[in-house]
Amino acid sequence: GKTVYSGARGLADVERRLPLKPNSVLRYASISKQFTAASIMQLYDRGKLDVKDKLSKYFPDYKYGDKITVEHLLYQRSGIPDFAVENVDNMVDVVTYGDEYERFVISDKGSEKENRDRIREYFLSKDLLFEPGEMYDYSDSNYSLLAEIVSQVSGMEYHDYVRQNIFQPLSMKHSTFIDHFDEDFNETIAAPDLSEFGRNYFEVKGLEYGCGDILTTPKDLYRWYKGLMGGQVVKKDTLAMMTPNYSKE
């Protein structure tokens, strides 16, 4: 509960020689999935959904919807192929991983909803890699679907839900999302992110929806940790549901 060290030896912006600070905004990639899972479990606490709900309840046209539950998505055991976003030749590509290797280009002209709908339609058109529940396979697709479920159940856009139900109660004032990248707010976003993904990665909307889109700071992330583990986000019994040890299986 006490600050042991607060400083940095690196740079947030190499060209402008801006130091990395505890309030520097970084892209936290798949740590974003914690926020998506917690949002689902908040709705569970409020009686708005059940983790045993079938995916067909939320995506009735999906051909495997009756086989997969919300719980399968949370525990990465759905069998839905993973997708990944890559920056190639100044274009943002989407790739699925499974028996096939395919890619398509996401336009920088598309809206956040248009792009995420296209990505979802793409990976939901693929066959399952295994029967749901039989195996573990890390998949961004699972958490993209969970973010959509949060929107459907809460009646709010997913990002707005996280802001109102997590960021604001925990005083995470320096946290936002890639889709709402703002150079004034995010002026010291980590240089490695910009060199690896390219500036246009942060300008094309809907790419990492619910699975890798959090921008936050070390201090805000600490507020998140304290809030989650301290019972401010979900109930104690619900936190226990979120943290089982599956490594023995």
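## Salt bridges within and between α3 and α4

Both R116 and E112 are buried, and in this predicted model the two residues form a salt bridge in which the closest N and O atoms are 3.4 Å apart. Because R116 and E112 are 4 residues apart in helix α3, about one helical turn separates them.

A further pair, E148 and R120, is likewise joined by a salt bridge, with 3.0 Å between the closest N and O atoms. This pair links distant parts of the chain, since E148 belongs to helix α4 and R120 to helix α3, with their positions 28 residues apart in sequence. Both E148 and R120 are buried. The residues of these two pairs, E112, R116, R120 and E148, also belong to a network of salt bridges that takes in K113, D117 and E157. Over the whole structure, the search finds 14 salt bridges.

## The loop between α3 and α4

D127 forms a salt bridge with K63, the closest N and O atoms lying 3.2 Å apart. D127 lies in the loop between α3 and α4, whereas K63 lies in the loop between α1 and α2, so the pair ties together parts of the chain that are 64 residues apart in sequence. With a relative accessibility of 48%, D127 counts as partly exposed, while K63, which has a relative accessible area of 53%, is exposed; the cut-off for exposed is over 50%.

L128 is found in the loop between α3 (112-124) and α4 (140-154), and counts as buried because its relative accessibility is 16%, where buried means under 20%. The C-alpha atom of L128 is separated by 5.0 Å from that of G79, although the two residues are 49 residues apart along the chain.

## The largest pocket

The largest pocket has a volume of about 620 Å³. Of the 26 residues that line the largest pocket, A37, L74, Y75, Y143 and M242 are the closest to its centre. The elements that give two or more residues to this lining are α1 (32-45), α2 (70-74), α8 and α9 (236-242).

Among the contributors to the lining of the largest pocket, α8 gives the most, with 5 residues. By residue type, the lining of the largest pocket divides into 19 nonpolar, 4 polar and 3 charged residues.

## The second largest pocket

The second largest pocket has a volume of about 360 Å³. It is lined by 17 residues, of which T3, Y5, P22, P218 and K219 lie nearest its centre.

Helix α8 appears here again, giving the most to the lining of the second largest pocket, with 5 residues. The lining of the second largest pocket divides into 8 nonpolar, 4 polar and 5 charged residues.

## A nonpolar surface patch

Y222, Y225 and M229 form a nonpolar patch on the surface, and together they have about 330 Å² of accessible area. M229 is found in helix α8, which spans residues 218-229, and M229 is partly exposed, with a relative accessible area of 47%. Helix α8 therefore holds a residue of this surface patch, M229, in addition to giving the most to the lining of the largest pocket and to that of the second largest pocket.

How values were computed: Residues numbered from 1 in each chain as written. Predicted model: local features only at pLDDT ≥ 70, side-chain atom pairs only at ≥ 80, totals over all residues. Heavy atoms only, no water. Patch = residues over 30% accessible without salt bridge, like charges linked within 9 Å, V, L, I, M, F, W, Y side chains within 5 Å. Areas by Shrake-Rupley, 256 points an atom, 1.4 Å probe, with all protein chains shown as cover. Salt bridge = Lys/Arg side-chain N within 4 Å of Asp/Glu carboxyl O. Buried < 20%, exposed > 50% of the residue type's maximum accessible area, 1.4 Å probe, protein only. 1 Å grid on protein atoms, 1.4 Å probe; cavity = no way out; pocket = protein on both sides within 12 Å on 5 of 7 lines; lining within 4 Å. Points joined across faces, edges and corners; volume = space filled by probe spheres on them. Nonpolar A, V, L, I, M, F, W, Y, C, P; charged D, E, K, R; others polar.
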